[in-house]
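Trainee: I have some questions about how the terms in this description are earned. Can we go through them one by one?
Mentor: Sure, let's put the structure up and start.

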Amino acid sequence: MTKPKRDLSKKNLEADVEIPVDLPVEVLPHLESVGEANKVLLELEQSINQPINKRPEKTIDRSLYFFNRELSWIAFNKRVLHEGVDSRTPLLERAKFCAIFSTNLDEFFMVRVAGVKKKFAEQLDIITDDGLKPDKQLLAIRDALVPLVTMQHEFFENTLRPELHKHGVKLLDYKNIDKKHQHYLTTYFREKLFPVLTPLAVDPAHPFPYISNLSLNLVVLVRDRETGEENFARVKVPNVLPRFVRIPETKDHTFVPLEQVIAHNLDSLFPGMEILSYYPFRITRDAELDIEEEEADDLISALQEELRKQKFGSVVRMEIANDVPLAIRQELIDQLGITEADVYDIPGLIGLGDLMAISFLPLPKYQDQPWKSVTHPRLKESDEHKNIFDIIREGDFLVHHPYQSFTTTVQRFIEEAANDPQVLAIKQTLYRTSGDSPIVHALIRAAENGKQVAVLVELKARFDEANNILWARKLENAGVHVVYGLKNLKTHTKTALVVRQEGDRLVRYVHIGTGNYNPKTARFYSDLGIFSCCDDLGADLTDLFNYLTGYSRQREYRKLLVAPVNMREKFLHLIYREIEHQKQGYPSYIIAKMNSLVDPEIISALYEASQVGVNVDLIIRGMCCLRPKVKGLSDRIRVISVIGRFLEHSRIFYFSNGGDEQVYIGSADWMPRNLDARVEVVTPVEELSLVKELKQILEIVLADNRQTWDLKSDGTYIQRHPKDGEPEMSSQKHFMSQGRPEFA
């Protein structure tokens, strides 16, 4: 029933679907605020409702079928910012979301914008699915970001900062503190700052200094009192000290930005010079690694070399004070090798990602109610006399983090396996893990206990490369068989296999999940996992680990969908099966929950499903390149996004299958990289009670009217609000209340 790949050419699209001629083409996905009184939310709404130019009649454009990936990501980050803007969010959580918006944007520039700039520099006329060349894409990204960044900083200065101040968290400018506290900061500068600062002159005798990625700096204009000559220098704000310096002996939490402490003591750094002015700036560099794996004899050595080179990646963004003189601005642009389009003017504090520290102040009144996950019912205290393997043999069960404990489920599984004398082998994939991971310690202990332990450590997990190299070395030194994945493929799957001797037979126990084996992120990432001792799943994972650790052309798996082997084909088969059922008169339904939907072939199949009458609900947290609710194309497709205190990270795929429902969970999104360039695993969940449990999770998320956004056909996101007389329903709060009624 699987069909060949869809032809997404202009001719085929014209033939297959009816497109309304008035559908906007130049769509920058936005979010829209509803019912908020403050100025920022009003600006959000006004910016979204600006008229959009219409495409002339009978003109067909690929942007009618696909949203731009990068612009869709910007729309996602705008929804993140909205959680900070939203007055319903607790005050310190608003600071947290404002910080997350900034750190998300840092990564976006380091990876995505850097990638587009490379294509532009190499004159590659690669056209995106929505029809943009690199130069047009860069312009569209900037056009979308400039007003959004300005809005974030104006919100911080005009709304959030005063609100924090009113409730006892004072982020003061140096000029606004009294003489007593200025004296304290002078002492702080002399004792804590002065010894670590290095002023660097810029003149013919002193070349322009290297400026590290994401570093905050001051460009200082000085005049020689004897010669009258003017020059400028650079002072790096050290990141080894807190960004916000706390003022002691105040009844409130009072802070001053570190760069202002430096700025008001510059005469100590430049004795005999007249300080004319200073301006903060911050740069972002290309941080994408470029490893020629085919030519690498030693992947760790090649990766370490790339990490060294990464420090010197090209500059892709400069954030700078918006009042900097034109001459200094141009000098920085020239020295950094950037263009005016790479410069973002900041009104106020630069680097708001540092607000994260403020969000953790001990002020519970202004934070989310603390959450402590509960133990899964199958693993409650009354079952302490049983080991986890006894419990798994009683039947498959699902765990839902962070609502159910990672420590008492996944971590317990690996730790008991490490200590159990009947366990012969443990095999596991590690994509990201915490700095002091109990999972890794358990694997080391298992090897020391004489068990066969094989671990695939994905060295290329972005921004965790150095950490993963460290853990790989420790595992190897303990006698663990460490594999670094396959050439040109990232291993993103979340799987663990335990082989146990039970009488005269070997029993294989498995955990297959949607999230990383990381106890820290498991506290604020929403993820799912299944425990099973199903023979077929055990056999499939055995084949998978053989594929990962040895040489294998394994193409068929009993149960699992494995990328890049069969997952794309299997997912297309499942979608086309719904199409055939609908044609035969069976009501058909697809629900898919994931982080991102980008793959054009999957999107095309979903369009076809909609056109024959299949109802499709998509729960996409981040990027979505599919256009829903377009007449004749995607009338029956609904797309929502949920943004809340926990990061929605689980992937669930539901197919009604003519009444014989099938549900899958796993590590993959519907993106080309997941389906074609990564090792991913998605598993069926077949126990009827678990199918029901997953359906209930999906139904609860779809009913959310507090933290859900609906994607419209023109690319705008509209936040849901309860209707008159309707109770507010947050899906995340609902899942919390299932374990702890006090959260209801």
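Trainee: How do you know that β6 and β7 pair, and which way do they run?
Mentor: This is a predicted model, by the way. Two strands pair if there are at least two bridges between them. Three bridges join β6 to β7, residues 253–257, and the two run antiparallel. You can find Phe244 standing opposite Pro257 in β7.

Trainee: What makes β2 and β6 edge strands?
Mentor: Look at the sheet they sit in: three strands in the order β2-β7-β6, open, with mixed pairing. Both β2 (169–171) and β6 (244–246) pair on one side only, and that is what puts them at the edges. From one strand to the next, the twist averages 30°.

Trainee: Which strands stand at the edges of the sheet that holds β4 and β8, and why?
Mentor: That sheet is open too, with six strands in the order β3-β5-β4-β8-β9-β10 and mixed pairing. β3 (200–202) and β10 (343–346) each have a single partner strand, so one side of each has no neighbour in the sheet. The twist here averages 30° from one strand to the next.

Trainee: What packs on that sheet?
Mentor: Helix α4, residues 91–121, does, touching β8, β9 (315–321) and β10. The direction of α4 makes about 135° with that of β9.

Trainee: And how do you know that β4 pairs with β8?
Mentor: Set the count against the cut-off of at least two bridges. Nine bridges join β4 (residues 216–224) to β8 (residues 273–285), and these strands run antiparallel. One to look up is Leu216, whose bridge partner in β8 is Arg282.

Trainee: Why is β20 called largely enclosed?
Mentor: Buried means under 20% relative accessible area. Five of the six residues of β20 (589–594) are buried, so the rest of the structure largely encloses this strand.

Trainee: Which way do β20 and β21 run?
Mentor: Parallel, with six bridges joining β20 to β21 (residues 615–620). Ala592 stands opposite Leu618 in β21.

Trainee: Why is α20 called oblique to α21?
Mentor: The axes of α20 (residues 688–702) and α21 (residues 731–739) come within 8 Å and cross at roughly 135°. Roughly antiparallel needs an angle over 145 degrees, and roughly perpendicular covers 65 to 115. The crossing falls in neither range, which makes α20 oblique to α21.

Trainee: Which residues make that contact?
Mentor: Ile697, Ile700 and Val701 from α20, with Ser731, His734, Phe735 and Gln738 from α21. By class, the contact of α20 with α21 has four nonpolar residues, three polar and no charged.

Trainee: Which residues of α21 are buried?
Mentor: Ser731, Gln732, Phe735, Met736 and Ser737. What do they pack against? The buried residues of α21 pack against β11 (397–401), β22 (637–642), β23 (647–648) and α20.

Trainee: Zooming out, how many helices and strands does the chain have, and what share of its residues count as buried?
Mentor: There are 21 helices and 28 strands. Of the 744 residues, 57% count as buried.

Trainee: What share of the contacts comes from residues 24 or more positions apart?
Mentor: Among contacts in the chain with a separation of 6 or more, such residues account for 73%.

Trainee: And how much of the accessible surface belongs to carbon and sulfur atoms?
Mentor: The total for the chain is about 31,600 Å², and 49% of that belongs to carbon and sulfur.

How values were computed:
Residues are numbered from 1 along each chain as its sequence is written. This is a predicted model: local features need pLDDT of at least 70, side-chain atom pairs count only at pLDDT 80 or more; totals for chains, interfaces and linings use all residues. Side-chain values use heavy atoms; hydrogens and water are left out. Helices (H or I, at least four residues) and strands (E, at least two) are DSSP runs, numbered from the N terminus. Buried means under 20% relative accessible area, exposed over 50%, partly exposed in between (1.4 Å probe, protein chains only). Contact means heavy atoms within 4.5 Å. Accessible areas come from the Shrake-Rupley method with a 1.4 Å probe; for residues, only the protein chains shown count as cover. Axes are lines fitted to C-alpha atoms, for helices over the stretch in contact, and angles run from 0 to 180 degrees between N-to-C directions. Angles under 35 degrees count as roughly parallel, over 145 as roughly antiparallel, 65 to 115 as roughly perpendicular and the rest as oblique. Ala, Val, Leu, Ile, Met, Phe, Trp, Tyr, Cys and Pro count as nonpolar, Asp, Glu, Lys and Arg as charged, and the others, Gly among them, as polar.
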